[in-house]
Protein chains: 2
Amino acid sequence: MTGATTADRILDGALASFGSRGYEATSLDALAEGLGMRKQSILYWFPSKEALLEALIDRSAGELAGALEGALAGAGEGWARVEAVVRSVFRVAARRPELLGLVREVGRLGPPAATRLTLALDPLVGRASSFLEAEMDAGHMRRHEPRLLLLAIYSTVVGMITEVDVLRALGEEPTARSLVRRRQELLRLLRSALLVDADGRG
Amino acid sequence: MTGATTADRILDGALASFGSRGYEATSLDALAEGLGMRKQSILYWFPSKEALLEALIDRSAGELAGALEGALAGAGEGWARVEAVVRSVFRVAARRPELLGLVREVGRLGPPAATRLTLALDPLVGRASSFLEAEMDAGHMRRHEPRLLLLAIYSTVVGMITEVDVLRALGEEPTARSLVRRRQELLRLLRSALLVDADGRG
DNA sequence: ACGCGTGCCTACCATTTGGTAGACACGATG
DNA sequence: CATCGTGTCTACCAAATGGTAGGCACGCGT
């Protein structure tokens with residue numbers, strides 16, 4: 001585990017800070033201090049703060065895509081694939097909470113950062129869209145507009161994971177156990193919403 | 001309409017900027033320039049940037065709560081109330097897009113801003129929660145954890161409205177017409193997910 | 001031994017940030 | 001007219017920001 005290069009350590013720190021405090025609210029000085037180095041060392045590896053964000057987006061998109069691809073590779077057919085995707089996202093959220101925070105943050109930053117992320121994840125989006133359409137055509141899922149359905153699923157998954165303050169307002173502390181409960185509840189909801197023969201139970 | 005006080009105009013500008021560019025990314029100088037005044041005039045009405053944010057949260061929460069209360073006052077029973085709430089949120093989004101953007105931004109800023117907003121909307125949350133539970137008890141809705149269900153609905157509604165870049169990535173331009181389609185799709189989804197006798201159609 | 005590239009550093013810098021101090025215009029009131 | 005409160009302004013400021021310039025240590029090939 002000593003193989004973590006300086007650039008990787010910087011990206012780790014940036015992920016933690018951008019994903020929680022936010023991009024604009026994170027100064028290079030503070031980031032460097034947290035890493036036990038000077039700001040100029042960061043600027044040595046990444047020529048500017050924006051370049052650091054771009055590199056972080058690329059790495060994070062790759063990590064996310066890798067996790068999803070891996071989950072899909074070992075998944076079955078039909079609904080099992082939806083479950084596999086959701087579970088793998090929650091697994092990522094449990095192990096690296098900041099990664100989903102970054103996704104949320106980048107979505108808020110808008111172009112060009114958001115464009116970069118969506119472009120990197122575009123292949124997965126395409127696969128998901130055609131998968132949903134095929135399942136609808138086969139009569140396994142209720143018919144919905146695939147793209148808007150994807151937007152709804154995306155928003156719900158990201159929200160269920162990252163909206164910790166709303167969660168607190170609802171009287172639920174964001175613990176690891178709560179994360180599991182949220183995942184289960186989300187899967188039940190999706191099943192109810194999408195499967196034609198679903199009654200909300202498995 | 002000339003009764004817009006300076007403080008109100010400042011709040012309007014802050015809403016537009018905080019809700020789109022974000023709180024940290026908005027400088028008092030830029031805000032003032034957009035309003036045709038000097039930064040010191042802003043600081044005359046609001047002693048600090050943070051105080052401006054707090055005042056904006058309070059006003060926005062009031063506006064949002066008012067819209068929801070108004071919609072609920074004229075709504076029927078059961079599912080019609082859910083529809084009324086969703087429609088009124090989308091109506092707000094159509095007329096004042098920045099307001100939902102601010103909600104999203106404040107949720108991201110975390111405490112104390114997020115706490116302030118959730119506290120202000122707490123009564124509505126309580127009503128919504130007990131409403132859902134009553135509907136479940138009456139057998140009209142599938143049984144779910146009410147609080148997690150609320151979190152999911154909240155995330156989906158806010159996401160469907162504010163995730164314009166994801167929307168673009170999906171090939172859908174965020175126009176007024178698209179907003180209507182998203183609302184319809186969202187309502188259909190919620191109906192499928194929640195109503196026990198639903199088949200996804202009206 | 002010597003050069004040389006790599007990696008991190010100190011020393012600066014211009015600009016921007018939120019915020020303070022205080023002057024000036026102006027309308028109302030005595 | 002004198003005074004006073006209100007609202008906006010100019011003039012500053014200390015701190016922080018992203019970024020530049022350049023030096024220094026160290027390991028490696030010759």
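This briefing walks through how two protein chains meet each other and where DNA strand C lies against them. Keep in mind that the model is predicted. In it, 41 residues of chain A are in contact with 41 residues of chain B, and 16 residues surround DNA strand C.

**How the two chains meet**

- Start with the contact between the chains, where 41 residues of chain A touch 41 of chain B.
- On the chain A side, the elements giving two or more residues are α6 (97-109), α7 (113-120), α8 (122-137), α9 (146-162), α10 (164-169) and α11 (176-194).
- Among these, α9(A) provides the largest share, with 10 residues.
- Sorted by class, this side of chain A holds 17 nonpolar, 11 polar and 13 charged residues.

**How the copies are related**

- A turn of 180 degrees, with a shift of 0.0 Å along the axis, lays chain A on chain B with an RMSD of 0.1 Å.
- This is the relation of a two-fold axis.
- To find the axis in the structure, look for A193(A): its C-alpha comes closest of the residues of chain A, at 1.9 Å.
- The copies meet through the same surface, because 100% of the interface residues of chain A are also interface residues in chain B.

**Around DNA strand C**

- The residues that come nearest to DNA strand C are R38(A), Q40(A), S41(A), S27(B) and S48(B).
- Chain A contributes α3 (39-45) to the surface near this strand, while chain B contributes α2 (28-34), α3 (39-45) and α4 (49-73), each supplying at least two residues.
- By class, the surface near DNA strand C has five nonpolar, six polar and five charged residues.

How values were computed:
Residues numbered from 1 in each chain as written. Chains lettered and ligands numbered in written order. Predicted model: local features only at pLDDT ≥ 70, side-chain atom pairs only at ≥ 80, totals over all residues. Near = placed C-beta within 6 Å. Helix = DSSP H or I, 4+ residues; strand = E, 2+ residues; numbered from the N terminus. Nonpolar A, V, L, I, M, F, W, Y, C, P; charged D, E, K, R; others polar. Contact = placed C-beta atoms within 7 Å. Least-squares fit on C-alpha atoms with pLDDT ≥ 70 in both.
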